[in-house]
Amino acid sequence: MTNYQFPEGFLWGGATAANQLEGAYLEGGKGMNLADVMPGGKVRLNVISTPGFNFEIDKEKYTYPNHDGIDFYHRYAEDIALFAEMGFKAYRMSIAWSRIFPKGDELEPNKEGLAFYDRVFDECLKHGIKPVVTISHYEMPLYLIKEYGGWRNREVITFFERYATTLFKHYKNKVKYWLTFNEINGATFHPIFGLGFSPATEEVRLQESFQGLHHQFVASSLAVKACHEIIPDSQIGCMLIYAPVYAYDCNPENVLHAFKEERIFNYICGDVQVRGEYPAFSKRFFKENGINIKMEEGDLETIKNYPVDFISFSYYMSRTEKKELTEEEKAAGNIFSGVKNPFLKASDWGWEIDPAGLRLALNQLYDRYRVPLFIVENGLGAYDKVEEDGSINDDYRIDYLREHIKAMGEAIEDGVELMGYTSWGCIDLVSASTGEMSKRYGFIYVDKHDDGSGTLERKKKKSFFWYKDVIATNGEKL
Ligand code: BG6
């Protein structure tokens, strides 16, 4: 037993995204979206990081695992019952924009799409689970990508506002926690996921990304406004991917470099969405990188007037920076640039494991913004083995989660206001970066494999029972 004091009503739970588990990609009137054209397997990493992707399907060359996901679309009741058995207080999930507006620019929503999420929310509420809903999680309607150029195009703000307002009006009695854009600050690394475009060349990536982000900032503020007006007892947050940045050593050149990276990557989006303004340092950064953001009159007022209520974020790893680095020094699996940290072990996919970094992250964010925080993603992607007796002994996952939860306990002791913790991929699902099923995060195993085979049967892993105890004791038994 530990002495950690997690607040009463702490939102323990798990997190998923529509495109990674629903499947049924053409059912219920859904339109095609970004995830539907993402190939499966490690080739996806190239698509994400190389400019010039054409958003076409090529079944001769690739597989498309998001088309079927884990069939949550038909099995949601069984899955939510399993979440309830673990004692979930909250379930973070996303709505697929193209189920509600199949093309994205329609005036009227697709009723079948709305009805599907009604069923999902009803099922959650029946079990006393509060839905925490991401409005946009890497699943922009394909039509908006192809016809409008994704978030490069200012018109998309209107479509997003209509979509978000439709959700608030329709689900106002069922959903009280909302998040606008998943990992909004990740967009400068991989615009394809968050902004729905693949830059023509590397040279234009930053310019286009910050222009797209500006449109999202305005759209997010308009959503905050609408959410507060339509659902007065709701809370709406931004969602960041957060990785504390360490200097490789105490060489002041490296410290300054790490500091600059941290400010640009971790704080520009947070400052705009929480403080309501672009930070002072962004001016010089934009100037030195030839970034020229086109704004319209009223944009800055909108951003200022409608900041978010809380910050939600994902935490998987920290990042270590050195001013001059060789190819060999790069940390292989980290999605950011950076060097290997000699003090850290890494996951099977090379993501460096750093629980202390989570305590830092929580303190840094709270020191800077003084708004409640919510960890909405954290977890270990690993290969799992089903034993002959059917058991799955994922002690490595339990160890990972235990250490991160301890870090949360410490941060709460430090004075951080933490609303909840929804660990990523509470049920095995398709990986976002590699499209693999074998990169598993869940407490619940799904019999589905990289080659598309499998019965889809759900099995409880050892971590299922462990997490159930964690929740039942409000974090005392780890
Ligand atoms: C986050 C995303 O970046 O990381 C999720 O919000 C994603 O969608 C998660 O699944 C883990 O990444 P991956 O690539 O292991 O699925």
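Here is a short conversation about helix α14 and the ligand in a predicted model.

Biologist: How do you know that the span of helix α14 agrees with its number of residues?

Modeller: Helix α14 covers residues 395-414, which is 20 residues. At 1.5 Å a residue they should span 28 Å, and the end C-alpha atoms are 29 Å apart, so the two values agree.

Biologist: Which residues of α14 are called buried, and what makes them so?

Modeller: Buried means under 20% relative accessible area. In α14 that applies to Arg397, Ile398, Tyr400, Leu401, His404, Ile405, Ala407, Met408, Gly409, Ala411 and Ile412.

Biologist: And what covers the buried residues of α14?

Modeller: The cover includes strands β1 (11-15), β9 (373-377) and β10 (418-424), along with helices α13 (355-369) and α15 (462-472). Just after α14, by the way, Gly415 takes a positive phi of about 110°.

Biologist: Thanks! Now the ligand: why is the pair it forms with Glu377 called a polar contact?

Modeller: The cut-off for a pair of N or O atoms is 3.5 Å. A side-chain N or O atom of Glu377 is 2.7 Å from an oxygen atom of the ligand, so the pair counts as a polar contact. Lys439 also places a polar side-chain atom 2.7 Å from a ligand oxygen, and for Trp424 the distance is 3.2 Å.

Biologist: How much of the ligand does the protein bury?

Modeller: Taken alone, the ligand exposes 380 Å², and the protein buries 96% of that.

Biologist: Which residues come nearest to the ligand, and what kinds make up its shell?

Modeller: Of the 14 residues around the ligand, Glu183, Glu377, Ala432, Ser433 and Tyr441 come nearest. The shell divides into six nonpolar, five polar and three charged residues.

Conventions. Residues are numbered from 1 along each chain as its sequence is written. This is a predicted model: local features need pLDDT of at least 70, side-chain atom pairs count only at pLDDT 80 or more; totals for chains, interfaces and linings use all residues. Side-chain values use heavy atoms; hydrogens and water are left out. Helices (H or I, at least four residues) and strands (E, at least two) are DSSP runs, numbered from the N terminus. The expected span of a helix is 1.5 Å times one less than its number of residues. Buried means under 20% relative accessible area, exposed over 50%, partly exposed in between (1.4 Å probe, protein chains only). Contact means heavy atoms within 4.5 Å. A residue is near a molecule or strand if one of its heavy atoms lies within 4 Å of it. A polar contact is a pair of N or O atoms within 3.5 Å; within protein, one must be able to donate a hydrogen and the other to accept it, and residues adjacent in sequence count only if both atoms are side-chain atoms. Accessible areas come from the Shrake-Rupley method with a 1.4 Å probe; for residues, only the protein chains shown count as cover. Ala, Val, Leu, Ile, Met, Phe, Trp, Tyr, Cys and Pro count as nonpolar, Asp, Glu, Lys and Arg as charged, and the others, Gly among them, as polar.
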